[in-house]
Amino acid sequence: MKHSMTTKCKSFILALAALLPFGCAWAQTDYPNRLIKIVSPTAVGSGGDTLARRLTEPLAKLLGQPVIVENKPGAQSKIGAIAVARASSDGYTLLLGGNSFVANVHMMKDVGYDPVKDFTPISLLNRNPLLLVVNAETPVRTVQEFIKYAKARPGKLNYGVGNSGSLVAAQLLRTQSGIQAVSVNYPGMAQAATDLLAGRVDFVMLDPIIAKPFVEGGKLRALGVTSKQRLESFPDIAPLAESGLPGYEWVGWVGLFGPRGLSAAAVEKINKAVVQAVAEPDVVKFMTDGGMIPATSTSEQLKAFVLEQVDLWGHWTKEAGLQPQ
């Protein structure tokens, strides 16, 4: 009797073990079955953060689960990136990555993560030029007038920096125009814009989506755009490359990433939802009105793009004369 029970137990265990792979496969196809969190490594109100919040509703509908944004700002996006790198690779914690995510490799001595090895690329979301913006009370209306104004006050002007993109864009402006100015660091671009409005800084390389209401309201003045193409939302603002700085070009980006080891099934589901969400007419309008250029990709395309960006940021930081801190 004892022998018979032992044999039956062994048979049951073997049968259960044989079913386990199928059970695991079924569980993976069940993704997602609870709330998904997108970590924004910048402060509330930045261009990327605003975009992520606009995408939560369509993504939630497409994925069938709530999607929220959680801000973990600081250290040029390093804090948020490390938090996601250390998170479970179950697909419920994602990262809104962009310029700083890659630039930190060249701008920090101790980054704490690898943008290629520690993350799973999902999809690009947009391309994002910046605007050279001054307070409307500043007595300049063109890029050339601004350069002349700054050169007459060497080292006396200061500019707000809210992320790596705005820092490098401003440094490129300084090196190519020959002006001298002092940087003032902020946790995000919205905070830099607040001080520009208050007159505490003299200029900012600002996200168009943040600048637009203040430019339209006459409180800020946009002088030039960092891309070589004009923006639909600012058709009258010429590229800096057409305003006396022919070699100038800087365009940012935002993408969605998961921790290393995110399953192919999860990547496929999220990517499909992102591509559909970004293509929705009201989302396209939201992005173009805010000076963003909608741009999605496959996971592999984003991986190749990040590798290119690592090399490009090495070039940009060298040209801007920046050293790792």
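Which elements do the buried residues of α3 pack against? In this predicted model, the buried residues of α3 pack against the strands β1 (36–40), β3 (93–98), β4 (119–129) and β10 (251–259), and against α4 (99–107).

## Overall features

The chain contains eleven helices and eleven strands. Its C-alpha trace spans about 100 × 40 × 30 Å along the principal axes. Of the 325 residues, 52% count as buried. Among contacts in the chain with a separation of 6 or more, 78% come from residues 24 or more positions apart.

The exposed area of the chain is about 15100 Å², and carbon and sulfur atoms supply 56% of it. The charged side chains number 32 positive and 26 negative, and the centres of the two sets lie 6 Å apart.

## Helix α3 and the loop before it

Helix α3 covers residues 78–85. Its buried residues are Lys78, Gly80, Ala81, Ile82 and Val84. The packing partners of these residues include β1, β3 and α4.

The loop between β2 (67–71) and α3 holds Gln76 and Ser77. Gln76 is not a glycine, yet its phi is positive, near 55 degrees. Ser77 also is not a glycine and has a positive phi, of about 80 degrees. What sets their burial classes? Gln76 counts as partly exposed because its relative accessibility is 24%, above the 20% limit for buried. Ser77, at 8% relative accessibility, falls under that limit and so counts as buried.

## The six-stranded sheet

Six strands make up an open sheet of mixed pairing, in the order β2-β1-β3-β10-β4-β11. The edges are taken by β2 and β11 (293–294), each of which has a single partner strand, so one side of each is left without a neighbour in the sheet.

Within this sheet, β1 and β3 pair in the parallel sense over three bridges. Ile38 has Leu94 in β3 as its bridge partner. Ahead of β1, the loop between α1 (2–29) and β1 contains Pro32. The peptide bond from Tyr31 to Pro32 is cis, with omega near -5 degrees.

## Strands β5, β6, β7 and β9

Strand β9 (residues 220–225) is mostly covered, with six of its six residues buried. The pairing between β9 and strand β5 (residues 131–135) is antiparallel and runs over five bridges. Ala222 in β9 is the bridge partner of Val133.

How many residues of strand β6 are buried? Strand β6 (residues 157–161) has five of its five residues buried, so it is largely enclosed by the rest of the structure. Leu157, Tyr159 and Val161 point one way from β6, whereas Asn158 and Gly160 point the other way. Both sets are buried. Strand β6 pairs with strand β7 (residues 181–185) in the parallel sense over five bridges. In β7, Ala181 is the bridge partner of Leu157.

## Val204 in strand β8

Strand β8 covers residues 203–206 and includes Val204. Is Val204 buried or exposed? Its relative accessible area is 0%, so Val204 is buried.

Leaving aside residues up to four places away in sequence, Val204 touches Leu131, Leu132, Val133, Gly160, Met189, Ala192 and Leu196. Met189 is 15 residues from Val204 along the chain, and their C-alpha atoms are separated by 8.7 Å.

## Nonpolar cores

In soluble globular proteins, nonpolar side chains tend to be buried together. The largest nonpolar core of this chain has 52 residues. The members that touch the most other members are Phe101, Phe146, Phe203, Met205, Tyr248 and Trp250. Another core, of 48 residues, lies apart from it and includes Leu125, Leu262, Ala273 and Met287.

Which residues does Met205 touch, not counting those up to four places away in sequence? The contacts of Met205 are Leu130, Leu131, Leu132, Ser166, Ala169, Ala170, Leu173, Met189, Thr226, Leu240 and Tyr248. Leu131, Leu132 and Met189 are also among the residues that Val204 touches.

Terms used. Residues numbered from 1 in each chain as written. Predicted model: local features only at pLDDT ≥ 70, side-chain atom pairs only at ≥ 80, totals over all residues. Heavy atoms only, no water. Buried < 20%, exposed > 50% of the residue type's maximum accessible area, 1.4 Å probe, protein only. Helix = DSSP H or I, 4+ residues; strand = E, 2+ residues; numbered from the N terminus. Contact = heavy atoms within 4.5 Å. Pairing = 2+ DSSP bridges. Areas by Shrake-Rupley, 256 points an atom, 1.4 Å probe, with all protein chains shown as cover. Lys, Arg positive; Asp, Glu negative; His and termini not counted. Charge placed at Lys NZ, Arg CZ, Asp CG, Glu CD. Core = buried A, V, L, I, M, F, W, Y, C linked by side-chain atoms within 4.5 Å.
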